[in-house]
Amino acid sequence: MSIYKRDKKVVDLSIICPGIRTENWKKLFDSILNKNFSMSMEIICIGPKPLPEDIKDARITYIYDRGSPVRCAQIAALSATGQRIMLLSDDGEMECGAQDKIWEVIKTQKDKTVVLGKYTEGEGSSKQGRKNWVFQLADKYYRAHTFALSDPNLVPDWSTANFAYIDRSYFIELGGWDCRFEGNALSIMDWANRAQRDGTLFYLADIKVFSVSLDLGPSHSPLKDAFYLNDLPLYQSIYNDHDCVNRIKIDINNWKNSPEMWPRRIQNGVYISG
């Protein structure tokens, strides 16, 4: 696999979408692109399945790769043209008008500042769902993830980087995501730890940008296995090592050491996720 090269002008924002639930892509992309917004934008989809035939938009680029979601995301980020990149889950919808609102915030920040948008998970129509949403939209929620794993080497006030708008050149400077992780959750947290150790500011905008459906169907199974069987033990081994205080920059080409075919994508010869 070589990095996908394109002769395209630089855009403001590149949205990166590793293929996990390709059946949701049409609904997701409509929620992003069927709106008027002030910034220029592209979406980069990457995975082993092609775009559905009913998705036709010049702003969408498809890259074929059979690797893990993190490997796919890294390749897509290196192929992006945006001044900022955003890694997007493909199991939900973008909030109407969110992109313009958060772009106004981004324009007030320094280039390296990571701007975070808020999100909710699960069904909000139920009583418990509404309670969850109140919690998820609270500022402290975006710091809960870092000390939930009880890592002695992390700063409690550090933030995670879900739905983060990141300066692409700075992302590359730090080496991007560590593709030894398979799922995005802890690779995102690891990048956030390294960026904040480097002194980068994280700004949490009081803007809900995304609603996650919290899909626990068959497509979630490989992600759950990846988290508990590979990613969590790897994360703990990294941050229980005193040398982690020096962990800031990694090799941007570390994706090349990640398997070209993610075994968890296939069961009995059949793809169980996009």
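In the predicted model, residue G47 touches G19, Y62, I63, Y64, D65 and C72, when residues up to four places away in sequence are left out of the count. G47 belongs to strand β2, which spans residues 41-47, and it counts as buried because its relative accessibility is 2%. One of these partners, D65, is separated from G47 by 18 residues in sequence, while the C-alpha to C-alpha distance between G47 and D65 is 4.8 Å. In the loop between β2 and β3 (60-64) lies K49, which, at 30% relative accessibility, counts as partly exposed. The C-alpha atoms of K49 and I20 are 9.5 Å apart in space, and the two residues are 29 apart in sequence.

Considered as a whole, the protein has a secondary structure of 8 helices and 10 strands, and 53% of its 274 residues are buried. Of the contacts in the protein between residues at least 6 apart in sequence, 79% join residues that are at least 24 apart.

Two of the helices were examined for burial. Helix α2 (residues 69-79) is largely enclosed by the rest of the structure, because 10 of its 11 residues are buried. The buried residues of α2 are P69, V70, R71, C72, A73, Q74, I75, A76, A77 and S79. C72, in this buried set, is also among the residues touched by G47. R71, likewise found in helix α2, is buried with a relative accessible area of 2%; R71 and P18 are 53 residues apart in sequence, with a C-alpha to C-alpha distance of 8.8 Å. In helix α1 (residues 25-33), the buried residues are W25, L28, F29, S31, I32 and L33, and the elements that cover them include the strands β1 (13-18), β2, β3, β5 (92-94) and β8.

Nonpolar packing was considered next. In soluble globular proteins, nonpolar side chains tend to be buried together. The largest nonpolar core of the model comprises 75 residues, and those with the most contacts inside it are F29, I32, L88, W177, W191, V209 and F210. Strand β8 (residues 202-212) provides the largest share of this core, namely 7 residues. F29 and I32, both listed with the most contacts inside the core, are also among the buried residues of helix α1. With residues up to four places away in sequence not counted, I32 touches I15, F37, M41, I43, L88 and M94; of these, L88 is itself listed with the most contacts inside the core.

Enclosed empty space was then searched for across the whole structure, and 1 cavity of 30 Å³ or more was found. The largest cavity holds about 80 Å³ of space and is lined by I85, M86, L87, A161, N162, F163, A164, I166, W177, I188 and W191. At least two lining residues are supplied by each of β4 (84-87), β7 (164-167) and α7 (184-197), and the largest share, 3 residues, comes from β4. When the lining is sorted by class, 10 residues are nonpolar, 1 is polar and none is charged. W177 and W191, which line this cavity, also appear in the list of residues with the most contacts inside the largest nonpolar core. Another lining residue, F163, is placed in the loop between α5 (141-147) and β7. F163 has a positive phi of about 50° although it is not a glycine, and F163 is buried, with a relative accessible area of 8%.

Cysteine pairing was assessed last. A disulfide is a covalent bond between the sulfur atoms of two cysteines. The search of the whole structure finds 0 disulfides. For C17, the closest cysteine sulfur is that of C45, and the distance of 5.4 Å between the two sulfur atoms is too far for a bond, given a cut-off of 2.5 Å for a disulfide. The surroundings of individual cysteines can be described by their accessibility: C17 counts as buried because its relative accessibility is 0%, whereas C96 counts as exposed because its relative accessibility is 61%.

Terms used. Residues numbered from 1 in each chain as written. Predicted model: local features only at pLDDT ≥ 70, side-chain atom pairs only at ≥ 80, totals over all residues. Heavy atoms only, no water. Core = buried A, V, L, I, M, F, W, Y, C linked by side-chain atoms within 4.5 Å. Buried < 20%, exposed > 50% of the residue type's maximum accessible area, 1.4 Å probe, protein only. Helix = DSSP H or I, 4+ residues; strand = E, 2+ residues; numbered from the N terminus. Contact = heavy atoms within 4.5 Å. 1 Å grid on protein atoms, 1.4 Å probe; cavity = no way out; pocket = protein on both sides within 12 Å on 5 of 7 lines; lining within 4 Å. Points joined across faces, edges and corners; volume = space filled by probe spheres on them. Nonpolar A, V, L, I, M, F, W, Y, C, P; charged D, E, K, R; others polar.
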